[in-house]
Structures are given as structure tokens and as C-alpha cells.
Amino acid sequence: MTDVWEDVVGQEDAVARLRAAATDDAAMTHAWLVTGPPGSGRSVAAKAFAAALQCSGDPTADEVAVAEVRAGTHPDVTVVTTDKVTISIDEVRGLIGLAQRAPARGRWRVIVVEDADRMLERTSNVLLKAIEEPPPRTVWVLCAPSPQDVVVTIRSRCRQVGLRVPSVEAVAELLVRRDGLEPGLALESARAAQSHVGMARRLARDPEARARRRRILESAARIRGVGDAVLAADDLVETAKAEAAARSEERDAREKAELLRALGVEAGATVPPALRAQVKQLEEDQKRRATRQQRDSLDTAMLDLLSLYRDVLVVQLGASGDVALVNEGAEELVRSLAESSTPEQSLHRMDAIGEARQRLAGNVAPLLALEAMMVALRPQV
């Protein structure tokens, strides 16, 4: 039988706790909070736990149950993921109604909420009641970067499982085993992604993603003054917009066509006034999703730049013999930047990138945040 935990990389302690709970009702509880830094595999661990909870000991039935959970078709496992800025109250209310139902076929009804940190406080308060008084065979599994990202009233009612950043070697081994990637490319991608499994997989499988990352790193070396900084910021924002549009254009059109068909509106026909509110709601949801995708793309670019100056600082401090570079494929660029600046300037640039990430998270206009950051990256006297 397939091991449900095989894709949970470098999390031996967490897997041991979850495995024990899945096989022993005495170690089980109704609400779990899985936390860990981006790329640690929170959602992967949560889904593996959900699959383990459906296993009854019958190898044939368990094989089917695990396959259904992984495919997202198991009737008793619901995974909530959002590519919008926040998880809405209406979504949570729907989950609460679902949680009241007994399992249709499996041992437990499992509701996994990825990115539980995207719930506003009022939304979390709606969920709190369901977690305080759960049905006997319902399990909530919430995922968030840290316990502090979830309101205290909810996290105090959950059993917490903390994940850590897996090693580069463990991520590379997973890419080789699961995706059949070449070991050298898998290792380089895992290092460039700083052990973020999803990002490493994308870099290893997509040459354009690797080229785009390289262009982002090289943009830092091309900044010579304020004018260059403004142009670099504008290019980064426009690229993020184009990526978000390309990623969502086909999906948006398909969703709108499906909605109009469900409402009985023929293709190309005018939407009746009584139905326009539903179409408008869909368009607003799609707009929020595009905003989230754009922000995620920009944040990834800033993390890449942060890794670049981290490497520059490592070289400047003479520690490159003991500390591996994240961007080994761009070592020439790293050493060029190290020779043309000081450690203090590298720290200043890293602080500027961190501040830009905070501003973006605080809903500052992306172009303004990126312009200020790029200006701080220009050569200093």
C-alpha cells in the first residue's frame, strides 16, 4: 500500500504525532493547527493526515480511500484553499453546515482549511463556535504560517503541530523520486527555492520560471540611479500583472460561462437585471483572486532578491567556504555585487526588501512599495 506520508518531507516528529493520532482514538482530538514557514509542507501534511484518518486497516479499501483523498474526490474530506486575499464569512458558514453531517463513508469527516491566517477576525469568530462544539466524528485541520497568525481563541482550542523547513537535500530527493527530475537540476532548484517544495518543483519543471528568476536577480545589478530603479520597479509590477492575467484569463472566462449557463443565459445574450448581482459577485471574486496572485508573484520576486543579497553578505564576510550559496548558478553576479559594496550596504538593502514586503502586506500600492525598494538597491557612496 502507498505510504500516505511519503510526500511529507523532513518532518519526522510531526509525522509521528499525526500518525499516532490517526491510529489511536485516545490520541485523537477534534481540531488541529498545523503551522510552519512557507514551503514546509503544511497543506501536504494536512492532506496526508486526512488520508490517514480514512484508513481502516483493510488494504484494498485504504488504497482507494487514499487515492480519493489525493485526487480531491473523497466524500468525507473537504479541502478549502483560497487564491483570494481573504477567506470569506460565507465560505466558513458553508463549512460549518458541512461539519454537522456524519461521515458518508469514511471514519471521519475531515475539513482542511489551508491559509487559515487569511480569515479576518470576524470570520474566525464565526468558525469558533463550530470548533468549540464539534460533532463527534468531525475533525478540523487548520494550516497557518505560525500560531500567532490565528486568533488566540481558535488556537487555544486546537492541538498544534509545528513543521520546520526541510533540508535542501530532502527536497531534491523528493523531486527526483516523485517527479523523475535530474538530480543536479533538482538540487539546484531546491537550493534556489530555499527548500520550498512547491517553488522548487516549479523551477525544476519550468525553464521559463528559471529564466524569469534569473532576470529578477540580474535587475539588481543594472540599477545605477533613481531612473533605473523606477524602471526596474515598473517592469517587475507589470510582469506580475501579466503573469496574474495569463494565469486567470482562461479560468475566469470558463467560470463566467458556467455561471451564465447555470442561470439560463445564452452565450452573447444580455444578462437580465435580476441576475446581474450574481455575475458582479463573480467578477469581484475574480478581481480579488488576481490581486492575490499579483501580490504572491511580487513577494516571490522579493524573496529571490533577498536571497541574492544574503549570498552577497556571505561572500563579503568570508563565510562562503562554510555556508552554501542559495544562488550557486549566479555566483559570478553574487561576487560582483560583493566586490562593489560593503556588508553594511548589503544589510541596508536586505532591510529595504523586508520593508517593501511589509508594505505590500499592508496594502500599500505595489508600484510605490517597489519603487522605494529599488531606489534603496542602487549603488551607495
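Which residue in strand 4 is the bridge partner of Thr35? The points below answer this and describe the surroundings of strand 4 in this predicted model.

1. The bridge partner of Thr35 in strand 4 is Ala144. Strand 1, formed by residues 31-35, runs parallel to strand 4, and 5 bridges join them.

2. Strand 4 also pairs with strand 3 (residues 109-113), again in the parallel sense and over 5 bridges. Here Arg109 has Thr138 of strand 4 as its bridge partner. Between strand 3 and strand 4 the chain passes through helix 5 (residues 121-132), and this β-α-β crossover is right-handed.

3. In a regular strand, side chains alternate between the two faces of the sheet. In strand 4, Thr138, Trp140, Leu142 and Ala144 point one way, while Val139, Val141 and Cys143 point the other way. Residues on both sides are buried. Because 7 of the 7 residues of strand 4 (residues 138-144) are buried, the strand is largely enclosed by the rest of the structure.

4. The structure holds 1 aromatic pair. The ring centres of Trp32 and Phe49 are 5.2 Å apart and the ring planes lie at 75°, so the pair is edge-to-face; the cut-off for that class is over 60 degrees. Since Trp32 belongs to strand 1 and Phe49 to helix 2 (residues 42-53), the pair ties together parts that are 17 residues apart in sequence. Both Trp32 and Phe49 are buried.

5. A contact between a charge and a ring should also be noted. The charged end of Arg137 sits over the ring of Trp108, at 3.8 Å from the ring centre.

Terms used:
Residues numbered from 1 in each chain as written. Predicted model: local features only at pLDDT ≥ 70, side-chain atom pairs only at ≥ 80, totals over all residues. Heavy atoms only, no water. Buried < 20%, exposed > 50% of the residue type's maximum accessible area, 1.4 Å probe, protein only. Helix = DSSP H or I, 4+ residues; strand = E, 2+ residues; numbered from the N terminus. Pairing = 2+ DSSP bridges. Right-handed = clockwise from strand over helix to strand, strands pointing away. Phe/Tyr/Trp six-rings, centres within 6.5 Å; stacked < 30°, edge-to-face > 60°. Lys NZ or Arg CZ within 6 Å of the ring centre and 35° of its normal.
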